Amino acid sequence: MKVQYKAKRNLLETILQVEILQGLALTLRKLFSRPITRQYPDEKPPMYAGFRGQHALVRDPVTNDSKCIGCMRCATVCPSRCIHIKTHPGDSGQRLIDQYAIDVLRCVFCGYCVEVCPVGAITMTEVFEYASYDREAIYFDQEILLANWDRFLEQTGYDDTYVNPFWRPRGGLESRLPAAMRRDVPADWTIEGQFVGTKIRQPPACKLITDTEAAHD
Amino acid sequence: MQILILLLQIAMLLAIVLLHVAYLTYFERKIIGHMQVRMGPMRVGWHGLLQPIADGIKSFFKEDIIPQQADKPLFLAAPIICLVTMLAALAVLPFAEGWVLADINIGLLFIFAMSSLASYGIILAGWASNSKYTFLGGMRSMAQVISYEIPMGLSLVGVMMLSGSLNLSEIVAAQGTSIFSIYLFPQIIGFFVFFIAMLAETNRVPFDLPEAETELVSGYITEYSGMRYALFFMAEYIGMMVIASIGTICFLGGWNGPFAIPFFPPFWFILKVYGFLFVFIWIRATLPRYRYDQLMALGWKLLIPLALLNIFLTGLLKVLVR
């Protein structure tokens, strides 16, 4: 079988090398087009919901401290084992946190810790500019994590109901979510309106099992 | 006294040309950037205008590394040979009527000799660095320059026949002042051959095999660093300018333009040279690199026969017109 690699050209096209001229025309056209460059430090990129940036511990307005209950779920689910928690039992048997630290240099930013937290204590903010020249500065202990949260609220103007829709475990029943994840959210934050990839989720073709139907089973 | 004036003129020419070289790199980066829908240098100065100066300072203060196994005297001499020969070629270029350092009668031959010598520097650099990449780059450069000197020389034979001179000023004068009497029209085949050979002579895309980044790291300049690297870079860009000047002088009527510019006679010359340089850059932004056997086939099987045909046709034309 003879494979034809090139399109046939007539003599004039061969002499003028039309393909090269076409290529030159394209580059010349692009010379006058608008560059797509974003001049980064002057011009910040837009942040989208679900961005997994700097870690923060949510400050509880009641206790003025972290919401963490020391259940160790985040430390267990963490694939890179970068969350270090130390606790001791309190008077009424609850766990008291001695240490809550994230070694960000080991973190893979999967966001499992945020998804798995039953009280919504840990979250990831939209801050991404926290590079440093020394390793110690990016080893976040509890104070730094709480300070991260304060600074994030101050800079962006969110209040402490900041829950990122991306971090609600998807596809499950609303009633089976932990209480902290069940707080009222805008309509586009519900299961139907959640982000999947870059598109907002379309209403599914098959019927969703609602809470009442689940109760019947 | 005369020598002093001449030295002053040389210094002025060097300063102006080196400044042009510096801003040619800026020009190139900007144009290629915009052709690739980027912006090019933007950070140093307004729209990156001070970038070439920053680059110059940087390469001047960078560490100068000489490989342990290198042939030291040759390694040190190679960039100097490259740059000096290219700078020497500048001496015979007429920028305007009477604006020429050395108005010698073998100007065109002198330029050929100098650009061939520059490739000697490249080969020495490839050999002396004692590295496989530089060696391959040097070998390629040698073969490429030898192959393309021939069509280049032959393509200009037509111009020599028409003007009856090798003196560059006389070649320009022979073309007359009208835009229709420039040698581009009677020598269109010669110009075509010259244009392709010119890209190959200056090691530019699509014939940049001696420094093919994708396969040879950086070709013959792989082992060079700091100011010595910059010398090669300068030699390459001065080479581009010299070849573009030759194209302007031999085919586009040199400093003659549609109307004379008062106080600055080289205006049209510089404009045409920058037109050539723009095409160099434009082609670089467009075309991929030739394969080595294609490069050789193009040179020997297409350009040399075409150039010979051009000489024959020019001779025929001359006989018929007379």
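**Cores, domains and loops of chain B**

Setting aside neighbours within four places in sequence, I238(B) is in contact with V17(B), V21(B), M86(B) and L87(B). The model is a predicted one, and this residue is a useful place to enter it.

I238(B) is listed among the residues with the most contacts inside the largest nonpolar core, together with C82(B), M86(B), A197(B), A235(B) and V242(B). That core has 88 residues. Its largest share, 15 residues, comes from helix α9 of chain B, which spans residues 226-251. The core is not confined to one domain: domain 1 (1-61) and domain 2 (72-321) of chain B each give at least three residues to it. Apart from this core lies another, of 21 residues, and its members include C68(A), C74(A), C117(A) and A121(A).

The two domains of chain B can be taken next. The domain assignment places residues 1-61 in domain 1 and residues 72-321 in domain 2. Taken over C-alpha atoms, the centres of the two domains of chain B are 20 Å apart. Where they meet, 17 residues of domain 1 of chain B are in contact with 15 residues of domain 2 of chain B. On the domain 1 side, the elements that give two or more residues are α1 (2-35) and α2 (51-61) of chain B. Of these, α1(B) gives the most, with 14 residues. By class, this side of domain 1 of chain B has eleven nonpolar, five polar and one charged residues.

Helix α1 of chain B also appears at the boundary between the chains. There, eleven residues of chain B are in contact with twelve residues of chain A. Both α1 and α10 (267-286) of chain B supply at least two residues each to the side of chain B that touches chain A. This side has eight nonpolar, two polar and one charged residues.

Two loops of chain B hold a residue with a positive phi that is not a glycine. In the loop between α1 and α2 of chain B lies V37(B), whose phi is near 55°. In the loop between α7 (188-201) and α8 (213-216) of chain B lies N203(B), with a phi of about 55°. Are these residues buried, partly exposed or exposed? V37(B) counts as partly exposed because it has 13 C-beta neighbours inside 10 Å. N203(B) has 25 C-beta neighbours inside 10 Å and therefore counts as buried.

A further loop residue, G254(B), is found between α9 and α10 of chain B. The loop thus follows on from a helix already met in the core, since α9 of chain B gives the core its largest share. Which residues does G254(B) touch, not counting those up to four places away in sequence? They are P94(B), V172(B), T248(B), I249(B) and F269(B). G254(B) counts as buried because 26 C-beta neighbours lie inside 10 Å. Along the chain, G254(B) and A173(B) are 81 residues apart, yet 8.6 Å separates their C-alpha atoms.

Conventions:
Residues are numbered from 1 along each chain as its sequence is written. Chains are lettered from A and ligands numbered from 1 in the order in which they are written. This is a predicted model: local features need pLDDT of at least 70, side-chain atom pairs count only at pLDDT 80 or more; totals for chains, interfaces and linings use all residues. Domain bounds come from an automatic or database domain assignment. Two residues are in contact if their C-beta atoms, placed from the backbone, lie within 7 Å. Helices (H or I, at least four residues) and strands (E, at least two) are DSSP runs, numbered from the N terminus. Ala, Val, Leu, Ile, Met, Phe, Trp, Tyr, Cys and Pro count as nonpolar, Asp, Glu, Lys and Arg as charged, and the others, Gly among them, as polar. A residue is buried if 20 or more other C-beta atoms lie within 10 Å of its own, exposed if 12 or fewer, and partly exposed in between; C-beta atoms are placed from the backbone. A nonpolar core is a set of buried Ala, Val, Leu, Ile, Met, Phe, Trp, Tyr and Cys residues joined through C-beta atoms within 7 Å.
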